[in-house]
Amino acid sequence: MKSLAFVALAVAGISWGLGFPTGKLILTQTDSSHMVLLRFAVAALAAAPFALRSPEVRALFKSPVVLLAGVLYGVAFMVQFEGLAHVSVTVAALLVGAMPALIAVSAKVLGEKVSRMSWAGVAAATLGAACIAGKPDGASSPYGVALSIGALFLFLAWLLTLRRAPKAPNAMAIPAVSIIVAAATVLPIAFFMHGPPKLDLTAPVWVAIVAQGVLATLLATAAWQYGAARVGAASAGVFINIEPLIGAACGVLLFGDHLTAALFAGGALIIGGSLLVVLGEKKAALGDVQATVAPSA
């Protein structure tokens with residue numbers, strides 16, 4: 001069961017990472033806020049059949065926890081991309097790389113067991129993301145950094161809120177409902193800030209928007225929620241660092257970026273750290289089983 005959960009978390013990280021190349025294409029013809037709006041509009045349309053399929057699933061629209069998760073998710077993306085407009089890519093990548101460590105610390109504070117091997121994996125993956133980010137180039141404003149940090153805590157609140165979500169009738173129910181709530185949250189914010197989006201975009205850009213909505217939003221969210229519900233928060237969090245790894249790989253393969261030693265080392269650390277987390281989780285589970293079956297003194 002946990003092996004499948006780790007596969008789902010890896011799929012989520014890869015799918016979120018696809019937001020880098022598709023976003024680069026979309027931003028050539030629209031701004032970041034409208035990109036987020038169109039992304040969630042497509043995701044909501046794709047999620048609708050799953051969210052409206054039965055009375056049990058539709059009842060989740062009345063759940064305060066699911067509603068809060070959807071609002072936090074939508075607002076976090078709006079704040080993140082608004083911040084990204086005012087910071088360099090290196091700073092953005094560094095902040096994404098700090099997320100697993102932040103999740104691990106919050107898990108420990110909340111009383112969740114985190115093995116030493118998992119801590120080592122979190123540290124290695126975070127260092128790997130820092131290597132991928134490189135040296136900040138000074139092209140960031142305090143305003144952008146503040147928004148980016150704020151988005152980090154909003155995503156953390158979203159993750160922690162999901163862990164209190166009610167039992168759903170199927171694996172797609174909560175992701176689908178929360179994405180529709182997120183889309184409804186993003187819509188008025190984007191209109192208030194920048195007005196209606198431009199829709200006369202080229203076909204390749206619309207393909208990228210659909211890919212963001214279906215893969216980088218609906219699939220990523222569903223895969224993450226499935227995996228995160230079955231492993232510890234710290235173990236799940238390390239897979240977020242697959243996102244900058246995929247972004248960096250796309251930069252090399254698709255956009256002509258140079259494969260530097262730091263980039264190679266960062267990728268190796270992220271992959272190695274993820275494997276350490278998986279092994280740490282399995283070791284902790286084995287220890288729990290042995291403690292359960294051991295005879296009492």
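How far should the 22 residues of α9 span at 1.5 Å a residue, and what distance separates its end C-alpha atoms? The expected span is 32 Å, and the end C-alpha atoms are 32 Å apart, so the two values agree. The expected figure is 1.5 Å times one less than the number of residues in the helix.

This is a predicted model, so local features need pLDDT of at least 70 and side-chain atom pairs count only at pLDDT 80 or more, while totals for chains, interfaces and linings use all residues. Residues are numbered from 1 along each chain as its sequence is written, and side-chain values use heavy atoms, with hydrogens and water left out.

**The overall picture**

- The protein's secondary structure comes to 13 helices and 0 strands; helices (H or I, at least four residues) and strands (E, at least two) are DSSP runs, numbered from the N terminus.
- Read along the sequence, the pattern is α-α-α-α-α-α-α-α-α-α-α-α-α.
- Of the 297 residues in the protein, 49% are buried; buried means under 20% relative accessible area, exposed means over 50%, and partly exposed is in between (1.4 Å probe, protein chains only).
- About 13800 Å² of the protein is exposed, and carbon and sulfur atoms supply 73% of that area. Accessible areas come from the Shrake-Rupley method with a 1.4 Å probe, and for residues only the protein chains shown count as cover.
- Take the contacts (heavy atoms within 4.5 Å) between residues at least 6 apart in sequence: 91% of them join residues at least 24 apart.

**Helix α1 and the surface patch**

- Helix α1 covers residues 2–17, and its 16 residues reach 22 Å from first C-alpha to last, close to the 22 Å expected.
- Its buried residues include Phe6, Leu9 and Trp16.
- Leu4 also lies in α1, but Leu4 is partly exposed, with a relative accessible area of 48%.
- Leu4 belongs to a nonpolar surface patch with Val7, Val11, Ile14, Leu18, Val210, Val214, Leu215 and Leu219, and together they have about 640 Å² of accessible area. The elements giving two or more residues to this patch are α1 and α10 (203–228).
- Patches are made of residues with over 30% relative accessible area and no salt bridge, where like charges are joined within 9 Å and nonpolar side chains (Val, Leu, Ile, Met, Phe, Trp, Tyr) within 5 Å. A salt bridge is a side-chain nitrogen of Lys or Arg within 4 Å of a carboxyl oxygen of Asp or Glu.

**Inside the protein**

- The largest nonpolar core has 68 residues, and Phe40, Trp158 and Trp224 have the most contacts inside it. Such a core is a set of buried Ala, Val, Leu, Ile, Met, Phe, Trp, Tyr and Cys residues joined through side-chain atoms within 4.5 Å.
- Skipping neighbours within four places in sequence, Trp158 is in contact with Trp16, Ala69, Leu72, Tyr73, Thr221, Trp224 and Gln225.
- Thr221 sits in helix α10 and counts as buried, because its relative accessibility is 0%.
- Not counting residues up to four places away in sequence, Thr221 touches Tyr73, Trp158, Pro175 and Ile179.

**Far along the chain**

- Val122 is in helix α7 (residues 116–133) and counts as buried at 3% relative accessibility. Val122 and Gly237 are 115 residues apart along the chain, yet their C-alpha atoms are separated by 8.1 Å.
- Asp200 is found in the loop between α9 (173–194) and α10, and is exposed, with a relative accessible area of 62%. Asp200 and Gln29 are 171 residues apart in sequence and 9.3 Å apart in space, C-alpha to C-alpha.
- Gly195, just after α9, takes a positive phi of about 80°.
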